[in-house]
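This report concerns aromatic contacts, strand pairing and nonpolar cores. The sequence and the structure are shown first.

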Amino acid sequence: MLDPTRLPEKSQAHVRAWLDGGGTPATPRDAAAIVLLRRGPVEITGGIEVFFLHRHAAMEFAASVAVFPGGGVDARDADAARLGERWAGPPPEAWAERLGVEPEAARGAVCAAIRETFEETGVLLAGDTAGSLVASTAGEDWERDRHRVESREISLTELIESRDLVLRTDLVAPWSVWVTPVFEPRRYRTFFFVAELPGGQETRDVSSESEAVAWTSVREALLGAHPLLPPQLCTCLEIADDATPTEVLRRAASRTAPWVLPEPVVDDDRVALGLPAELAALAERVARSLDA
């Protein structure tokens, strides 16, 4: 049965030791990710497919699990403040209201989500105008620029300026904000956004932090196609009833991103994650539909 509150036995022992020792929580670092969506082949799966990256087993955080494209917000994302008319979409103040943070943090999160998605998949949400999109980023010149952004030689803003593009923040929508549980040594305040794969662009296996990538139907993901952390599993649960990316984006358009901070729940036999009641109820309902 689907259980986003479940912790592996090794993690349960870690949580008990942390609680017994009266540990001090680490300060969360801001991160951002995009749940990249596309319509699945009707003859195979139908519905929605989600893009996952399988992280290397040697990674210090979230090793050996499947995640959405994303990563930490860093100083270079702040220079998006100078984009001006090259920023298509809501202003930072509007993003801030929907994400529950200050405008500077909201702008950094949006920029980081788009930048990380470009670094890890080659997909770039930008176009020549506020109403267009880059047709393809598969050429050698684009790959050189992707490497330059990934290596921090240039920022995403510098890429947008040098190519005379417009950043299409209007193509992403806020979905949720997850804060890593207090017992983890590495903690993040991760802003999750949703976006549809732009027509003409293709995802590529280019991330240095993953050993494989895959487009997977939401149903297959919920049936255990990949090892998922609670944010990824719960996101798939929340979009399980949507037939198309358009439906997800329509719901996201009016959504204020809920904050989720899982707390350890301890009894004599088990340590679990405490999640909002609506997510736990949703997991039970979807599990019944998958079993039907």
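## Exposure of W259 and its partner ring

In this predicted model, W259 has a relative accessible area of 39%, so it is partly exposed: the value lies between the limits of 20% for buried and 50% for exposed residues. F191, by contrast, is buried, with a relative accessible area of 0%.

F68 is buried, and F192 is buried as well. The rings of F191 and W259 have centres 6.5 Å apart and planes at 90 degrees, so this pair is edge-to-face. The contact links distant parts of the chain, since F191 belongs to strand β9 and W259 to strand β11 (residues 259–260), 68 residues apart.

## Aromatic pairs and charges over rings

How many aromatic pairs does the structure hold? There are six aromatic pairs. One of them joins F68 and F192 in an edge-to-face arrangement, with 6.2 Å centre to centre and 85 degrees between the planes. This pair also links distant parts of the chain: F68 is in the loop between β3 (66–67) and β4 (70–72), while F192 is in strand β9 (residues 188–196), 124 residues apart. Together with F52, the residues F68 and F192 form one aromatic cluster.

Two tryptophan rings carry an arginine over the face. R163 lies over the face of W142, at 3.6 Å from the ring centre. R255 is placed over the face of W175, at 3.9 Å from the ring centre.

## Strand β2 and its partners

Strand β2 (residues 48–55) has eight of its eight residues buried, so it is largely enclosed by the rest of the structure. I48, V50, F52 and H54 point one way from β2, whereas E49, F51, L53 and R55 point the other way; all are buried. F52, which belongs to the first of these groups, is also a member of the aromatic cluster with F68 and F192.

Several strands pair with β2 in the antiparallel sense. Strand β1 (residues 29–39) does so over three bridges, and R39 stands opposite I48 in β2. Seven bridges join β2 to strand β10 (residues 210–217), and these strands run antiparallel; S217 in β10 is the bridge partner of E49. β3 pairs with β2 over two bridges, with H54 opposite A66 in β3.

## Nonpolar cores

The largest nonpolar core has 44 residues, and I34, L99 and F193 have the most contacts inside it. The elements that give two or more residues to this core are β1, β2, α2 (92–99), α3 (103–121), α4 (140–150), α5 (156–162) and β9. Among them, α3 gives the most, with eight residues.

A second, separate core has 33 residues, including V35, W178, C234 and L237.

## A three-stranded open sheet

Three strands form an open sheet in the order β5-β7-β6, with mixed pairing. Which strands stand at the edges? β5 (87–88) and β6 (126–127) do, each with a single partner strand, so one side of each is left without a neighbour in the sheet.

β5 and strand β7 (residues 166–168) run parallel and are joined by two bridges. Within this pairing, W87 stands opposite L167 in β7.

How values were computed
Residues are numbered from 1 along each chain as its sequence is written. This is a predicted model: local features need pLDDT of at least 70, side-chain atom pairs count only at pLDDT 80 or more; totals for chains, interfaces and linings use all residues. Side-chain values use heavy atoms; hydrogens and water are left out. Rings of Phe, Tyr and Trp (its six-membered ring) pair if their centres lie within 6.5 Å; planes under 30 degrees apart count as stacked, over 60 as edge-to-face and the rest as tilted. Helices (H or I, at least four residues) and strands (E, at least two) are DSSP runs, numbered from the N terminus. Buried means under 20% relative accessible area, exposed over 50%, partly exposed in between (1.4 Å probe, protein chains only). A charge sits over a ring if NZ of Lys or CZ of Arg is within 6 Å of the ring centre and within 35 degrees of the ring normal. Two strands pair if DSSP finds at least two bridges between them. A nonpolar core is a set of buried Ala, Val, Leu, Ile, Met, Phe, Trp, Tyr and Cys residues joined through side-chain atoms within 4.5 Å.
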